Amino acid sequence: MKAFRLMLASNKARLFHYLTALWFLLRDSRTPLAAKLVAGVVVAYALSPIDLIPDFIPILGLLDDVILVPLGVALAVKLVPAPLWNEMQQKAEGFQGRLPKMMWGLLIVIAIWVMLLAVFMYWLVHSVLNA
């Protein structure tokens, strides 16, 4: 159990490092537009005060933290030239501050939930009327 906790702490530190590098990438003018869009969504979602899948839902609640955010980071890294990514990682290593809370990440998550609710309500109304 202690090894598992150490692994989680290590992964959180590495994830913070990558998110910090993505934050710097967002602010750099040399970053390609596609990479900025992906990095912006990933950083906004990761720093949003709420999750797409709430953590209290067993197993599924951890999927966003364990799978979605790292996949988003990997996609953003693929879209960036290697020298630029290496430079951003070096900047992130020396960063001692805190990343800001991303309130527009909160808005993205709320918009997704509203769209899912609308699709569900549409399906429910049409299945009842056609039955």
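**Close-up views of a five-helix chain**

**View 1. Trp113 has its place in helix α5.** Helices here are DSSP runs of H or I with at least four residues, and strands are runs of E with at least two, numbered from the N terminus. This is a predicted model, in which local features need pLDDT of at least 70 and side-chain atom pairs count only at pLDDT 80 or more, while totals for chains, interfaces and linings use all residues. Residues are numbered from 1 along each chain as its sequence is written, and side-chain values use heavy atoms, leaving out hydrogens and water. Trp113 is partly exposed, at 42% relative accessibility; buried means under 20% relative accessible area, exposed means over 50%, and partly exposed lies in between (1.4 Å probe, protein chains only). From Trp113 to Ile53 the C-alpha distance is 9.7 Å, although 60 residues separate them in sequence.

**View 2. The whole chain, for orientation, has five helices and zero strands.** Starting at the N terminus, the order of elements is α-α-α-α-α. Of its 131 residues, 29% count as buried.

**View 3. Phe120 and Trp123 form a tilted aromatic pair.** Their ring centres are 5.9 Å apart, and the planes meet at 35°. Rings of Phe, Tyr and Trp (its six-membered ring) pair when their centres lie within 6.5 Å; planes under 30 degrees apart are stacked, over 60 edge-to-face, and the rest tilted. Why are Phe120 and Trp123 separated by about one helical turn? They are three residues apart in helix α5, residues 103–130. Phe120 is partly exposed at 43% relative accessible area, whereas Trp123 is exposed at 53%. A search of the whole structure finds two aromatic pairs.

**View 4. Thr20 sits in helix α1, which covers residues 2–27.** With a relative accessible area of 1%, Thr20 is buried. Where does its side chain reach? The Thr20 side chain comes to 2.7 Å from the backbone oxygen of Phe16. Also in α1 is Ala21, which is buried at 0% relative accessibility. The C-alpha atoms of Ala21 and Ala39 lie 9.6 Å apart, with their positions 18 residues apart along the chain.

**View 5. Helix α2 runs through residues 33–46.** Its 14 residues reach 20 Å from first C-alpha to last, close to the 20 Å expected at 1.5 Å a residue; the expected span is 1.5 Å times one less than the number of residues. Buried residues in α2 include Ala35, Val38, Gly40 and Tyr45.

**View 6. The largest nonpolar core gathers 23 residues.** Such a core is a set of buried Ala, Val, Leu, Ile, Met, Phe, Trp, Tyr and Cys residues joined through side-chain atoms within 4.5 Å. Leu19, Leu22, Leu25, Val42 and Val43 have the most contacts inside it. Helices α1, α2, α3 (60–78) and α4 (82–93) each supply at least two of its residues, and α1 gives the largest share, seven.

**View 7. The second largest pocket has a volume of about 190 Å³.** On a 1 Å grid over the protein atoms alone, a pocket is an open set of points with protein on both sides within 12 Å along at least five of seven lines, and lining residues have an atom within 4 Å of a point. Among the 10 lining residues, Val41, Val42, Tyr45, Leu68 and Val69 are closest to the centre. Helices α2, α3 and α5 each supply at least two lining residues, and α2 has the largest share, four.

Conventions. A polar contact is a pair of N or O atoms within 3.5 Å; within protein, one must be able to donate a hydrogen and the other to accept it, and residues adjacent in sequence count only if both atoms are side-chain atoms. On a 1 Å grid over the protein atoms alone, a cavity is a set of points where a 1.4 Å probe fits but cannot get out, and a pocket is an open set with protein on both sides within 12 Å along at least five of seven lines; lining residues have an atom within 4 Å of a point. Grid points are joined across faces, edges and corners, and a volume is the space filled by probe spheres set on the points.
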